[in-house]
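I set aside some bench-free time to go through this model with a notebook at hand. My list was simple: pockets, surface patches and charged pairs.

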Amino acid sequence: MNIAYWIVAGLLALFYFYAGTLKVIRSRDQLRPMMAWADRVPLPALRALGAVEILGAAGLILPALTGIAPWLAPAAAVGFVLLQTGAIAVHLTGEDRRITLNVGLIAAAAVTVWLATRA
């Protein structure tokens, strides 16, 4: 893998690991200030989303690092594109219409897919 992949995938993995950990361990009241949509999603679904984000972050790094099932790295990045597409839909159907971060994360995940498949 090249340096560009590791920079983009590493930053994406850090973001999703952090965000996923928050969703798994924090209460709904603690999440509300940074995630206005947290009240509209059942708590088990919120926890599951956090777990998916943590696993996806591992999927960006571990396969490329170990060389075991390297196809999982671009698959994880495609999963993040789909996840953020759903996040944009959630934002647009609610009162929170801020989607700039989501669009940026889609772009970063798409670049990660492209970089992962270039090798």
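**Entry 1: the largest pocket**

I began with the largest pocket, which holds about 530 Å³ of space. I kept in mind that this is a predicted model. Which residues lie nearest the centre of the largest pocket? I found Lys23, Met35, Trp37, His91 and Asn102 there, out of 25 lining residues.

Next I looked up where the lining comes from. Helices α1 (3–25), α3 (43–66), α4 (72–93) and α5 (100–118) are the elements that each give two or more residues to it. I also sorted the lining by class: 16 residues are nonpolar, 5 are polar and 4 are charged.

**Entry 2: a nonpolar patch**

Then I turned to the surface. Ile3, Ile7, Leu11 and Leu14 make a nonpolar patch of about 460 Å². I picked Leu14 for a second look, and it sits in helix α1. Is Leu14 buried or exposed? Its relative accessibility is 59%, so I noted it as exposed, the cut-off for that word being over 50%.

**Entry 3: salt bridges**

A reminder to myself before the pairs: side chains of opposite charge can pair when their charged atoms come close. My tally for the model came to 3 salt bridges.

The pair I wrote down first was Lys23 with Glu53, whose side chains meet at 2.9 Å, N to O. Lys23 belongs to helix α1 and Glu53 to helix α3, so this salt bridge ties together parts that are 30 residues apart in sequence. Both Lys23 and Glu53 are buried. I flagged Lys23 with a star, as it also turned up among the residues nearest the centre of the largest pocket.

The other entries on my list involve Arg32. With Asp29, Arg32 forms a salt bridge in which the closest N and O atoms are 2.8 Å apart. With Asp39, Arg32 forms another, and there too I wrote 2.8 Å for the closest N and O atoms.

How exposed are these partners? I noted Asp29 as exposed, at 54% relative accessible area. Arg32 is partly exposed at 33%, and Asp39 is partly exposed at 41%. Through shared partners, the salt bridges join Asp29, Arg32 and Asp39 into one network.

**Entry 4: what I am keeping**

For my summary page I am keeping two items. One is the buried pair of Lys23 and Glu53, linking helix α1 to helix α3. The other is the network of Asp29, Arg32 and Asp39.

How values were computed: Residues are numbered from 1 along each chain as its sequence is written. This is a predicted model: local features need pLDDT of at least 70, side-chain atom pairs count only at pLDDT 80 or more; totals for chains, interfaces and linings use all residues. Side-chain values use heavy atoms; hydrogens and water are left out. On a 1 Å grid over the protein atoms alone, a cavity is a set of points where a 1.4 Å probe fits but cannot get out, and a pocket is an open set with protein on both sides within 12 Å along at least five of seven lines; lining residues have an atom within 4 Å of a point. Grid points are joined across faces, edges and corners, and a volume is the space filled by probe spheres set on the points. Helices (H or I, at least four residues) and strands (E, at least two) are DSSP runs, numbered from the N terminus. Ala, Val, Leu, Ile, Met, Phe, Trp, Tyr, Cys and Pro count as nonpolar, Asp, Glu, Lys and Arg as charged, and the others, Gly among them, as polar. Patches are made of residues with over 30% relative accessible area and no salt bridge: like charges are joined within 9 Å, nonpolar side chains (Val, Leu, Ile, Met, Phe, Trp, Tyr) within 5 Å. Accessible areas come from the Shrake-Rupley method with a 1.4 Å probe; for residues, only the protein chains shown count as cover. A salt bridge is a side-chain nitrogen of Lys or Arg within 4 Å of a carboxyl oxygen of Asp or Glu. Buried means under 20% relative accessible area, exposed over 50%, partly exposed in between (1.4 Å probe, protein chains only).
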